[in-house]
Amino acid sequence: MFRVDNSAATDRFDTSRFEAGRNRLASLAYRLLGSATDAEDAVQEAFLHWQAADRQRIKVPEAWLTKVVTNLCLDRLRSAQARRERTVGAWLPEPLLDGDPMLGPADTFEQRESVSLAVLTLMERLSPFERAVYVLREAFSYSHAEIAEILGITESASQQHLHRARRRITAARRRGGEVDPASARRIVEEFLAAASSGRTERLVALLTDDATAISDGAGLAKTLLRYDTPQRIAAIARAGFKPTPAKRRLAGGTPAVHYALVNGAPAILFVLGDQVVGAVTFDVTNGRIATVRGIAAPTRLVRLTEAWRQHEPDTPLITRW
């Protein structure tokens, strides 16, 4: 008689179990790391751990994989290279187009807020453990007992980490609740129109008194460029949104300007062909713009571009910028 080798079938079954949870693991890793590229690397490394493990002894694969991915991300956050790369003033989260599965889960306000660029930026102020507890609790609703098991800490320590994380984030963020999408779009379109036409007074009126603008300088600057008054932001916006031959050479041509939602917030995308060459995102609170972020480093726009190519865009706000 022939003996049937079921190992190949078992491997296929176990691989399918991993793939069924890949998006959830990626969304966890993205919240912890703020980088889609790093999140994908962490999930792939978790898959290698999964393949090497004695899977017959893993009673709850979801819990096991969550623990592996979380701790892989913590290792990355603690690394010397990450500390150098993510120094304050030199790092912005990687923007993602709405609808990207890496942004899920998004059923509650807390889940959606945890993946906003504002909160991802604020989480850089947290210790790795504080960040992990905050994400596991706020975005994935794990109990403190479950978090303690994932991180190898006590329930009391988990509660303390969450308390500190919430306090630090709440103290620093500007809360205005969720913004009506139609109102947010109108405000952003007004900002674009005012910047393009050079109407400084209208630009200032659209900004909160403590508005902030941040730019990565198209990836050419060693630190982020930061502007902290409505008047300075208006001046930079006027200069930045004015097309010039030099800017078109840097972009590689004459892009179209589209409205989009990025990490749940209104945004303007500069698109050349099917390539996103720049993103400007806005935090809107109480009818005015509190934060403007300009991201144009090509390495930070790879996944956003991939999603854009599968997206059916609206008519551009500006056909040829």
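**Two helices and a run of strands**

Me: Which residues in α2 and α3 meet?
Reply: This is a predicted model, where local features need pLDDT of at least 70, side-chain atom pairs count only at pLDDT 80 or more, and totals for chains, interfaces and linings use all residues. Residues are numbered from 1 along each chain as its sequence is written, and side-chain values use heavy atoms, with hydrogens and water left out. Contact here means heavy atoms within 4.5 Å. On that basis, Arg22, Leu25, Ala26, Ala29, Tyr30 and Leu33 in α2 meet Ala36, Asp38, Ala39, Ala42, Val43 and Gln44 in α3.

Me: How do the residues of that contact divide into nonpolar, polar and charged?
Reply: Ala, Val, Leu, Ile, Met, Phe, Trp, Tyr, Cys and Pro count as nonpolar, Asp, Glu, Lys and Arg as charged, and the others, Gly among them, as polar. So the contact of α2 with α3 divides into nine nonpolar, one polar and two charged.

Me: Is strand β4 mostly covered or mostly uncovered?
Reply: Buried means under 20% relative accessible area (1.4 Å probe, protein chains only), exposed over 50%, and partly exposed in between. Strands are DSSP runs of E with at least two residues, numbered from the N terminus. In β4 (residues 265-272), seven of the eight residues are buried, making this strand mostly covered.

Me: Which residue in the turn between β4 and β5 has a positive phi?
Reply: Two strands pair if DSSP finds at least two bridges between them, and β4 pairs with β5 (residues 275-285) in the antiparallel sense over six. These two strands form a hairpin with two residues between them, and the one with a positive phi, about 70°, is glycine 273.

Key:
Helices (H or I, at least four residues) and strands (E, at least two) are DSSP runs, numbered from the N terminus.
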